[in-house]
Amino acid sequence: MKWLVIFLLLGISLKAAAHAIQVSVFSATTKGVILRWTRFSEANSYKITVAPKSSPSNPMAFVTFGPNTVLGSVNSLSPNTMYIFTVEALDSSLATLRSATTESSTAPEMMEPIQTVKPKDSGTLITSFNMETGATHYIIRIQNPDGFFREDTVSSTPAEITSLTPYTEYTLSIMAANGGGRSQPSLPVPAKTVLPPLQLSASSPSNHSIIVSWVPVAHAVLYTLSVYEFGSNAIMEHNTTNTNLTLSGLEAGYLYVIEGFAWDLEGRAGEGSLYINQTTRPPSPYANVSMVMSNGVAGLSVSWKLEQEFFGSIEYHVTSDQNLTCNSTSSSCTLLPVGCGEVHTIQVTAFNEAGPSQPSSPEVFTTFPCPPQSLALAESTAGNCTLTWDAAPHAASYQASIKRGDGSEDTCKTTGNNCTFHCECGHTYLMSVCAFNQAGSSPPGQILNYTALPCCPEGVSVSLVSTDTLEITWTASQGAQLYETRAADGSEVILCNDTAPVCALSDLSCDSSYSVVVTPCNEISGCNRACGAHTKNTAPCMPMNLMLNLKNSSCVSVGWTANNRAATYTVSASGDDGRHSCTTSGNSCDVTDLRCGSVYDVSVTATSPFGRSLPSYSDSLETEPCCPDNLTVDQVTQAVTNVSWSHARGAYSFITSLTSTRGHARCHTQDSHCLMGCITCGTNYTVTMEAFSHSGRSSNCSYRGFSSSACCPSGVRLYRTANNSLRVYWRSAGSSHSYITEMMGNSSSSGSSSSSGSSSNYTCSASSGESSCDVGSVQCGDVYSVVVAPLTAEGTKVLFCPERLYSVTCLGSNVGTVIYRGKRSVD
């Protein structure tokens, strides 16, 4: 039975829904709306009633339709007006069977034609028009003679019509639209786009001309080019009917900016082209050539005058007929390498983005001569020697140099090919010959030596110049060409061969004893092995495996490993406050008096009678950060305090805490201050801070406690009493405080008739335990700001209690009604 009832009720509901009538707006115009509704099977006719939405109870028109009509219009409406439409299904006695309601606005009025149309570029027109009241947007219809049709929606005037075809005629009309529909199109206006821009290209065939060309533009009758010299205000304009133009008489190496446009048959300028840049080719350089040496390599330095007023970068290309080239953007470059006795023909060409200049005039240059060859020495008579050589090509003169082992030197200049000099036995002679011409001297050539037996060096000195290096020096021995230095300890031998009377033996073992021997040699007699030995000890070994243990904020224990025969060790900790150290003969030491908030570099050095080791690899030590010297707590409002503190060395962030039995406040910041809320008035707080370094080391800091101000009273009320007096009541936040009441008024601000316009200010006080006080002789007709605030132990007023506004009216010349006007917070 239950399910049967449900099915019956459901059937009735579906039947009622099937007989409902639905209505919607089919379309809307300026003065009419077409409605569409669903057919109702029992209806003999349909009636549409129209009423303005502003007065829905006053229908202004109706229209009826037959039973088979489901689409009907209502006309003679007002433009841009919101209406309510009711469709009723009527029976044969015109009684309403079903009804439905909908709303719609009519479209705006038909607009005036578009006022102006101007071309912006070849594909865009800018239109302006008078805007229509009630329109939410506008529709511009674009048509051309070929039937092209397009509608663009715009929101205001002026408006741009884009994506048009260049040099094409259009007609434009406009319609106003809103949520109801669109108006009829305005009368069309003609418009025409301009010619498209030129596609310019340019090149420079020479250093004084530029050729500009472009693709022909349809319908163009003339072309105009504008040429600007960069950095100058001068403009050159050229007109032509061709599609190319040669610009001549230009400056070499200058930048020119070119822009152009086409003219149509109506005499209208087309869209301007993009600006293009073109540089003329640079002028030919004038070259100078000279010999230079670069990192021991001979070369030809080619230079030229660099014209600074040229635009842009210029690269110079230098060539030689000996297959040498170099490039430069400055005023010179070097041809490398060149050899002796060479003849070069050199030219320079300048390049810029336009292309190359004409090459410079050829410069012919002969390099320095080659060194003479086939040196030979002959002892012609006792004590006299003759040095001879072969002639060198391109040489104008020669200079022979004869150096003796004791440092004396003789020279001989000649245009021939031999020199004679005095020579002695038992000495070493080094002989060389250089050739000269206008380019300079030949490079060093063959060296001829004549050597006697060498002697053992005298004045041998062995010194420790670093932890693993011995420097050995001696007086040069006569006849020696080479010195062999040998250093040996029990496990290794280190050799050093050199022609100088000094030698450095490196990479020796630390904390070891070496035997050092210097042996002179020459090519003729060999080496003298009879020279004596010298003993020297190296410095102690560097401490290793540094270990740091921070005992407290000012002391660190330092340990290390070392294996030296006899050494003392010095620990150094260097920081911003200077150097701290300790010394021991063991393998650990404590460094004290360190400063908080500091970073120290710690290292260990070993010292023995033979020298000092290298410092150990350093390790970084960071002490705990310092606590701020000063911390201040200032109360901002009844529940907010501002905590600030001084700089703390080594501190990166801070956690500040205010703690009491009534709760606590806490903030974590990198600043030197923070606002802390949720403070309870009339409460004693413990003030603490944690300071943290970058690496997370922390220090705990304690400061003098903070007592928050007394609480502001609540329930402040103002009542009239006798003799023009007022009594101020409040609810005390505590019995241990005295209170002060301040009334501040201004008769001019309240609209009083008082002519003085002066301020009336009153105060009264209440002792501890009291919750009211009286103010006498109050001037009526004024608005008063009333503040009741507790007094601190020092007798000062708490500044952040709120103000309350009261109007004191006049009853004749006496105080009348007191009116509460609200609360105002204190800034």
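This talk covers the disulfides, the nonpolar cores and the aromatic contacts of one predicted model.

Ground rules before the residues. The model is predicted, so local features need pLDDT of at least 70 and side-chain atom pairs count only at pLDDT 80 or more, while totals for chains, interfaces and linings use all residues. Numbering starts from 1 along each chain as its sequence is written, and side-chain values use heavy atoms, with hydrogens and water left out.

Disulfides, then. The term stands for a pair of cysteine sulfur atoms within 2.5 Å. How many disulfides does a search of the whole structure find? The count is 15. I will take three of them.

Start with Cys-456 and Cys-531. Their sulfur atoms are 2.1 Å apart. The S-S bond has -95 degrees about it, and the link is left-handed. Now the location. Strands here are DSSP runs of E, at least two residues, numbered from the N terminus. Cys-456 is in the loop between strand S37 (448–450) and strand S38 (458–466). Cys-531 is in the loop between strand S44 (526–527) and strand S45 (533–537), so this disulfide ties together parts that lie 75 residues apart in sequence.

A word on burial. Buried means under 20% relative accessible area, exposed over 50%, and partly exposed in between, with a 1.4 Å probe and protein chains only. Cys-456, at 28%, is partly exposed. Cys-531, at 13%, is buried.

Next, Cys-667 and Cys-674. The sulfurs are 2.1 Å apart. This link is left-handed as well, with -65 degrees about the S-S bond. Both ends are covered: Cys-667 is buried at 11% relative accessible area, and Cys-674 is buried at 9%.

Third, Cys-712 and Cys-801. The distance between the sulfur atoms is 2.0 Å. The value about the S-S bond is -90 degrees, again left-handed. Cys-712 lies between strand S60 (698–707) and strand S61 (714–721), in the loop. Cys-801 lies in the loop between strand S66 (782–790) and strand S67 (803–811), so the pair joins parts 89 residues apart in sequence. Cys-712 and Cys-801 are both buried.

Now two cysteines without a partner. Why does Cys-555 not bond to the closest cysteine sulfur? That sulfur belongs to Cys-582, and at 8.8 Å it is too far for a bond. Cys-555 is buried, at 10% relative accessibility. For Cys-678, the closest cysteine sulfur is in Cys-667, 13 Å away, too far for a bond. Cys-678 is exposed, at 72%.

On to the cores. A nonpolar core is a set of buried Ala, Val, Leu, Ile, Met, Phe, Trp, Tyr and Cys residues joined through side-chain atoms within 4.5 Å. The largest has 22 residues, and the members touching the most others are Met-291, Leu-300, Val-302, Val-318 and Leu-335. Which elements give two or more residues to this core? They are strands S22 (287–294), S23 (297–304), S24 (315–320), S25 (324–328), S26 (332–335) and S27 (343–352). S23 gives the largest share, four residues.

Look at Val-318. Contact means heavy atoms within 4.5 Å. Beyond its neighbours within four places in sequence, Val-318 is in contact with residues including Val-302, Trp-304, Leu-324, Cys-333, Leu-335 and Ile-346. Apart from this core lies another, of 21 residues, including Leu-718, Val-775, Cys-780 and Val-815.

Last, aromatics. Rings of Phe, Tyr and Trp (its six-membered ring) pair if their centres lie within 6.5 Å; planes under 30 degrees apart are stacked, over 60 edge-to-face, the rest tilted. The structure holds 18 aromatic pairs. Trp-37 and Tyr-46 have ring centres 5.6 Å apart and planes at 45 degrees, so that pair is tilted. Trp-37 and Tyr-46 are both buried. Ring pairs join them with Phe-65 in a cluster.

Phe-148 and Tyr-170 are edge-to-face, at 6.5 Å centre to centre and 75 degrees between the planes. This pair links distant parts of the chain, 22 residues apart: Phe-148 is in the loop between strands S10 (137–143) and S11 (149–154), and Tyr-170 is in strand S13 (169–177). Phe-148 is partly exposed at 33%, whereas Tyr-170 is buried at 4%.

Two charges to finish. A charge sits over a ring if NZ of Lys or CZ of Arg is within 6 Å of the ring centre and within 35 degrees of the ring normal. Lys-47 has its charged end over the ring of Phe-62, 4.7 Å from the centre. Lys-192 does so over Tyr-167, at 4.0 Å.
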